[in-house]
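Please examine the structure shown below together with its sequence. The paragraphs after it lead through a selection of its parts.

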Amino acid sequence: MILLITGTDTGVGKTVTTAALAVRATGSVAVVKPAQTGVAPDEQGDLDDIHRLSGLTKLHEGIRLRDPLAPTTAARREGVRLPPVAVHAKAIDELARTNDTVLVEGAGGILVGLDAEGNNLADLAAHLTTPFGFVVVARAGLGTLNHAGLTVEALRSRGLPIEGLVIGSLPAEPDLAEECNLEDLPAVTGVPVIGRIPAGAGSLDQEAFKAAAPSWFE
């Protein structure tokens, strides 16, 4: 099974959610990050955070770009040619043949371009031959109903399956909007909230993270 983790925006908690899903999964697990931006060659990236939190070692990074921008923009500024999404899809399918679960963390939101032609994570998914589903990571507070609804609509318009929504950072004491959104998100999107990642989860040590992560999902 392949799970593609996308977000309603950047900075919503995709990486911590991916680490938590890796802990929750059974059998062999691999994680793929097709494009990582905003990091220098010698800096730690999202896959390093996933390793720190989950202990997972089957980590595959596609391309790394310095500027904290969309991959298409960052690559243009560096004069780098991005691999076509079909190339990423082929590599992901190959990993799925030798692993029970492959987690693919996107860059930003679902429509962010991943290759020179502007193809995005949804376009990448269309090239997969292995069964897959999307997990949409959303903010907890105001604005999330619209952003989550738009993301789900974009996926549905392409006929792509959605496993569920995950709240990427839920405060210990949610305010009124955050409380109401937990109930309203499924009603607005037609997609269940399958996970709630506590705020600050990314700061836990590996032992505490691995012990707690399964309880964050339905």
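The account begins with the largest pocket, passes to individual residues, and ends with helix α8. The model discussed here is a predicted one.

The largest pocket has a volume of about 490 Å³. It is lined by 30 residues, and those closest to its centre are Thr10, Gly11, Lys14, Ala107 and Gly108. Which helices and strands each supply at least two residues of this lining? They are helix α1, covering residues 14-24, strand β2, covering 29-37, strand β4, covering 101-109, and helix α6, covering 144-157. The largest share, five residues, comes from β4. Sorted by class, the lining contains 12 nonpolar residues, 13 polar residues and five charged residues.

Strand β2, one of the contributors to that lining, also holds two positions that carry annotations in a record. The first to be considered here is lysine 33, which is located in strand β2. An unreviewed UniProt entry places the feature "active site" at Lys33. Is this lysine buried or exposed? Its relative accessible area is 4%, and lysine 33 is therefore classed as buried, since a residue counts as buried under 20%. When residues up to four places away in sequence are not counted, lysine 33 touches Asp46, Leu47, His60, Glu61, Gly62, Glu105, Gly106 and Ala107. Ala107 has already appeared among the residues closest to the centre of the largest pocket.

The other annotated position in strand β2 is threonine 37. For Thr37, UniProt lists "binding site", again in an unreviewed entry. Threonine 37 has a relative accessibility of 19%, so it too counts as buried, the limit being under 20%. Apart from its neighbours within four places in sequence, threonine 37 is in contact with Leu65, Asp67, Pro68, Leu69, Ala70, Pro71 and Ala74. With one of these residues there is a polar approach: a polar atom of the threonine 37 side chain lies 3.0 Å from the backbone oxygen of leucine 69.

Another threonine, threonine 8, is placed in the loop between β1, residues 2-7, and α1. Its relative accessibility is 12%, and threonine 8 therefore counts as buried. Which residues does threonine 8 contact, leaving aside its neighbours within four places in sequence? They are Val136, Val137, Ala138, Arg139, His147, Ala148 and Thr151.

Attention now turns to helix α7, which spans residues 176-189 and includes asparagine 181. Because its relative accessibility is 7%, asparagine 181 counts as buried. A polar atom of its side chain lies 3.0 Å from the backbone oxygen of glycine 141. Not counting residues up to four places away in sequence, asparagine 181 touches Ala140, Gly141, Leu142, Thr144, Leu145 and Pro186. Alanine 177 belongs to helix α7 as well. With sequence neighbours up to four places away again not counted, alanine 177 touches Ala140 and Leu142. The residues alanine 177 and alanine 140 are 37 residues apart along the chain, and their C-alpha atoms are separated by 8.0 Å.

A further pair of alanines can be described in similar terms. Alanine 126 lies in helix α5, which covers residues 121-126. Its relative accessible area is 60%, so alanine 126 is exposed, the requirement for that class being over 50%. Alanine 126 and alanine 89 are 37 residues apart in sequence, while the distance between their C-alpha atoms is 8.6 Å.

The last element is helix α8, covering residues 206-212, in which glutamate 207 is found. With a relative accessible area of 69%, glutamate 207 is exposed. From glutamate 207 to isoleucine 2, there are 205 residues in sequence and 26 Å in space, taken from C-alpha to C-alpha. Helix α8 also contains lysine 210. Why is lysine 210 counted as partly exposed? Its relative accessibility is 39%, and partly exposed residues are those between the limits of under 20% for buried and over 50% for exposed. Not counting residues up to four places away in sequence, lysine 210 touches Val23, Leu53 and Ser54. Lysine 210 and threonine 73 are 137 residues apart in sequence, and their C-alpha atoms are 36 Å apart in space.

Terms used
Residues numbered from 1 in each chain as written. Predicted model: local features only at pLDDT ≥ 70, side-chain atom pairs only at ≥ 80, totals over all residues. Heavy atoms only, no water. 1 Å grid on protein atoms, 1.4 Å probe; cavity = no way out; pocket = protein on both sides within 12 Å on 5 of 7 lines; lining within 4 Å. Points joined across faces, edges and corners; volume = space filled by probe spheres on them. Helix = DSSP H or I, 4+ residues; strand = E, 2+ residues; numbered from the N terminus. Nonpolar A, V, L, I, M, F, W, Y, C, P; charged D, E, K, R; others polar. UniProt positions renumbered as here; feature names shortened; annotations may be inferred. Buried < 20%, exposed > 50% of the residue type's maximum accessible area, 1.4 Å probe, protein only. Contact = heavy atoms within 4.5 Å. Polar contact = N/O pair within 3.5 Å; in protein donor to acceptor, adjacent residues only side chain to side chain.
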